[in-house]
Amino acid sequence: METIQMLRKRIVDARAAGDSDFEQTALVMFVAFGYRLEDALRKYADKIVDAACCNNAQRLRELHEGLCALRNCLEAWKLVAEELGVFLKKGGNNDAQA
C-alpha cells in the first residue's frame with residue numbers, strides 16, 4: 001500500500017505544481033499498478049481453484065491470508081482513485097483519464 005500512497009503523492013504534487021506531463025505520467029503509473037493488482041487477483045483465483053481441487057486445506061488457508069491482504073490493497077487503490085478523480089463518469093461509463 002506504500003506504492004499507492006507514493007503514487008498518490010506524485011499525482012497531487014504534479015497537480016499542485018501545474019506539471020501536466022508529470023501528472024499524466026503518474027496517472028499512467030497509477031492505473032498500471034491497478035492492472036497489476038487485477039492480474040494478481042486472477043492468479044490468486046487460479047491458485048485457489050488448484051488448492052481446492054487437491055483438497056489442500058493448509059494451502060487454502062495460506063491463500064486466504066494473501067487474498068485478504070490483496071483485497072485491502074485493491075480497496076485502498078480504489079479509494080485513492082476516487083479521491084483523485086482518476087475515473088470520471090462520461091455518459092454513464094467509467095472512462096480512465098490516463
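Contact between residues is taken here to mean heavy atoms within 4.5 Å. On that basis, Thr 3, Ile 4, Leu 7, Arg 10, Ile 11, Ala 14 and Arg 15 of helix 1 meet Phe 22, Glu 23, Ala 26, Leu 27, Met 29, Phe 30 and Phe 33 of helix 2. The residues of this contact comprise ten nonpolar, one polar and three charged. The structure is a predicted model. Its mean pLDDT is 90, and 90% of the residues reach 70 or more. Confidence peaks in helix 1, with a mean of 96, and is lowest in strand 2 (residues 93–96), where the mean is 50.

Helix 1 spans residues 2–17 and helix 2 spans residues 20–53. The two pack at an angle of about 160°, and their axes lie 8 Å apart. Since angles over 145 degrees count as roughly antiparallel, helix 1 and helix 2 are therefore roughly antiparallel to each other. The crossing of helix 1 past helix 2 is left-handed.

Helix 2 also packs with helix 3, at an angle of about 160° and with 10 Å between the axes. Helix 2 and helix 3 are therefore roughly antiparallel to each other. Helix 2 passes helix 3 in a left-handed crossing. In the contact of helix 2 with helix 3, 19 residues are nonpolar, two are polar and three are charged.

Two aromatic pairs are present in the structure. In one of them, the ring centres of Phe 30 and Trp 77 are 5.0 Å apart and the ring planes are at 10°, so the pair is stacked. Phe 30 belongs to helix 2 and Trp 77 to helix 3 (residues 57–84); the pair thus links distant parts of the chain, 47 residues apart. Phe 30 is also among the helix 2 residues that meet helix 1, and Trp 77 is among the helix 3 residues that meet helix 1.

Helix 1 and helix 3 pack at an angle of about 10°, with their axes 10 Å apart. This angle makes helix 1 roughly parallel to helix 3. From helix 1, the contact involves Ile 4, Gln 5, Arg 8, Ile 11, Val 12 and Arg 15; from helix 3, Cys 73, Ala 76, Trp 77, Val 80, Glu 83 and Leu 84 take part. By class, the residues of the contact of helix 1 with helix 3 are eight nonpolar, one polar and three charged. Ile 4, Ile 11 and Arg 15 of helix 1 appear both in the contact with helix 2 and in the contact with helix 3.

Terms used. Residues numbered from 1 in each chain as written. Predicted model: local features only at pLDDT ≥ 70, side-chain atom pairs only at ≥ 80, totals over all residues. Heavy atoms only, no water. Axes fitted to C-alpha atoms, helices over the stretch in contact; angles between N-to-C directions. Helix = DSSP H or I, 4+ residues; strand = E, 2+ residues; numbered from the N terminus. Parallel < 35°, antiparallel > 145°, perpendicular 65-115°, else oblique. Left-handed = near helix turned anticlockwise from the far one by under 90°. Nonpolar A, V, L, I, M, F, W, Y, C, P; charged D, E, K, R; others polar. pLDDT = per-residue confidence, 0-100. Phe/Tyr/Trp six-rings, centres within 6.5 Å; stacked < 30°, edge-to-face > 60°.
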